[in-house]
Amino acid sequence: MRRKGVSRPISILVALIVGILIGAVIGYALTPKTPAGTAASSSGDLEKLRTENEQLKAKVEELTKKLAATGGGEITIKVWTIGPDPPSEYRLKNFQIAADMLNKWLAALGSKVRVKIDGQFFVRPVEWGEYKNKFYLAYKSGKAPDIYLTGHEDVGFLASNGYIIPLDDYIKEYWDTVYYDVIPTLWEAVKYQGKIWGVPQDTEARPMYFRKDVLKKLGWSDEEIAQLPEKVKRGEFTLEDLLKVAKEAVDRGLVKRGIVHRVKEGYDYFQFYLAFEGRLWDAKAGKMVFTKSAWRKTLQWFHDAVWKYKVISPTQFSGDWDKDFHGPFTKGEALFLSGGTWHKGEWVSKGLLTDQEFREKVGYMLHPAGERGGRPVTLSHPLIYTITKQAQERGVADVAFLLITMVTDPHLNANHAVKSSHLAILYSEISDSRYRKEPFLADVAYMLDYTTFIPNHPKWGDYSRIVFNVLRGVESGDLTPDQAFNELLSGIKGLGSDSVIIED
Amino acid sequence: MGGVHLLGGNREDRRGRRWSRRRYLAVFLAPSFALIAVFYLLPVILTVLISFTDMDYSFRWNWIGLENYLRMASDPIASKVLGNTLLYVFSTLALFNVGMALLISLVTVHIPERIGKGYRALWLLPRITPSTVYALLWLWAVRQDPTALINWLLSFLGMEPINWLHKYPWPIVIAVNGFVGASFGMIIFTAALKSIPTDYLMAARVDGASTLQVIRHVELPLIKWPLMFVTAYQTLSLLTSYEYILLVTNGGPGYYTTEVWALYSYHLAFAQYGGVVKFGYGAALATVLVILGLIFSIVYWRAFRFRELMVEPKIEV
């Protein structure tokens, strides 16, 4: 009953909006390409487009009348998003803005149909694991959101178990509206078995932040400090150098901690493995990779950082986000911080640093290479909007996709990117006035040339958990690097050779 | 004739009484049986069934036989976690849930009643404090900060601040659980001690027994059953408890340092960072916990001769 009642106005509404969008695109195409006085050569084309535009206008008028005749009604779209950092709130707010915009259009067209967003934006203490648990349990009890924001690595699992629907047809339909503009590598992150299952929402890089003021006190010149990211890029400043500089700062009493890293499980630690030339993914075989030599070096590095150089606290993993991560670095009590671009947004929004303090006191570079002459690294974890099968069953998938299309807008997405320090997903977003005013985002854009995505593999979570537990053992002193390597290898072997390639 | 009639009537009456007795039994037992069936038997059956699958968030019943159990046998983490569990259960039991509980009870019944009552009431505080608040208080007390409670107190002795949780995770985990657990035994032991007829105690005193001798030779033998009951009950309770460990160390601070069996099962089944869960393996671990519980129950039943506790007394006192 409900489905039947909703689907008719929805299909008319969607057709109407498609008409408006196509009209807008054509209008846009007409304006810049035909400046006055230079249109003579294309007058035939212009006439053709004008005719098409007239036809569209007629169609819109017809649809408007039909829409008015369908009466009123409210279409609720349930949207679930997560930070967990609070500044990423525009992952949800943009939907509310888009719905307001859509409702204004509907009102202008005389329709009484309205779209309402029933949204949730989860922040810490809710972390990714809990957020995903909530989704699966809500789905199982028939209360799933229509739009679900998640990490790209879940695409395979969600798609193969029927939680989400493929979006290829929609994307084709709206390609010229906005999707042509999406940075192409991001499409790779949302593909599974040849189909597209999500729309990129944002991406990021994970820089190694450093305190310029502390380096200055160590005797570095302004030029040397400014050159550090370049030296890292060229492989002239390695992870070993990082330890040495951090140790010097600690020994001289300039900082309490040399390096801080995240205090909870996450994917950041894989950057050190990548820096030691470890491989994560074999695209040809569709399997994850475990490079023995790189893991041995990574475990040794973490061990040395804690127990030889004493620049990472042995209690870092049992620490607190504010007291052991954000606090020490923003107060200048830690020299290096292995973080993400979004942390800059978090520091500014929480008042831990002003924009000016950030510019003056904080620098950022790639995670240095493991060995001299090697390649520095970073890691990206694009987030994506998906549409659930329950949205399709409720008959609202079309409206859900329309809203996703509206938020995949250079201006709205730039708003999110700037407020939360995430990177652009659209080419036109990079030239958006807001985005351009944020030099940090422009500065770190190059890092995407050095990035790796985490594997889209159902057992990736297991790989990550095994690594996290072993690293926690190394830092706490429970495991020597050799013991840790054996534990790690045995855990990874348990995932099966059909999932992981183990190489020397 | 009349006698036969009377006899037949009695037989019918007896049959009728037996039938109505059974009916009453059924009526009175049905609600508790239904509760046990719905909240214990059914989940156990489901857990055992899920343990034979590799179920995850696809919620598919993909039968894999004994694979989870074979995996458990060769899982090096499982053996470490088993060792942790035994250490946790028996240390907490000996030091707090039975040991400390008995000590508090004995001390508080031998001192003036008003002080004894107040002291026992203090020991109930951890139990009535919400778990998260209680765990946070501990975390604030044992942090590395110089302002954390323990470090602040020790600073008066000129000691440097220490990260207690990192340095002594087990003593803290045992204490956190023990301070909550001790109150249960304390209440039962105190009630048992107070129910000892004063004649016995007076007689011992008249015979010249000291307080320690009264405790050793009169009180302890008379509270034998409550002691054994609390030991058995708290063993089973500790075996399945993990919430305070989850809140305080989450199994850390090192490599599964304080991870106990129930917590390992919870982590695998529900709490993975990437949302990848293992209901099948988690259920197999939980099934083993149920079996362990049954084994402990049987051992205690036999060793403590609980049958004697349950039988009707030969004489009514």
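Okay, let's start with chain A, which splits into two domains: domain 1 covers 2-11, 70-203 and 381-450, while domain 2 covers 208-379 and 459-503. Keep in mind that what we're looking at is a predicted model.

So how far apart are the centres of domain 1 and domain 2 of chain A? Going by C-alpha atoms, it's 31 Å. The two domains do touch, though: 16 residues of domain 1 of chain A are in contact with 16 residues of domain 2 of chain A. On the domain 1 side, the elements giving two or more residues are helix H18 (410-420) and helix H21 (439-444) of chain A. And what's that side made of? Seven nonpolar residues, five polar and four charged.

Now, over to where the chains meet. Here 21 residues of chain B are in contact with 28 residues of chain A. On the chain B side you'll find eleven nonpolar residues, ten polar ones and no charged ones.

Last stop, a pair of helices inside chain B. When two helices pack, people describe them by the angle between their axes and the distance between those axes. For helix H3 (residues 76-97) and helix H4 (residues 99-109) of chain B, the axes come within 3 Å and cross at roughly 5 degrees. Angles under 35 degrees count as roughly parallel, so that's what we call H3(B) and H4(B).

Which residues meet there? From H3(B) we have B:Ala94, B:Leu95, B:Phe96 and B:Asn97, and from H4(B) we have B:Gly99, B:Met100 and B:Ala101. Sort the residues of that contact and you get five nonpolar, two polar and no charged.

Conventions. Residues numbered from 1 in each chain as written. Chains lettered and ligands numbered in written order. Predicted model: local features only at pLDDT ≥ 70, side-chain atom pairs only at ≥ 80, totals over all residues. Axes fitted to C-alpha atoms, helices over the stretch in contact; angles between N-to-C directions. Helix = DSSP H or I, 4+ residues; strand = E, 2+ residues; numbered from the N terminus. Parallel < 35°, antiparallel > 145°, perpendicular 65-115°, else oblique. Contact = placed C-beta atoms within 7 Å. Nonpolar A, V, L, I, M, F, W, Y, C, P; charged D, E, K, R; others polar. Domains from an automatic or database assignment.
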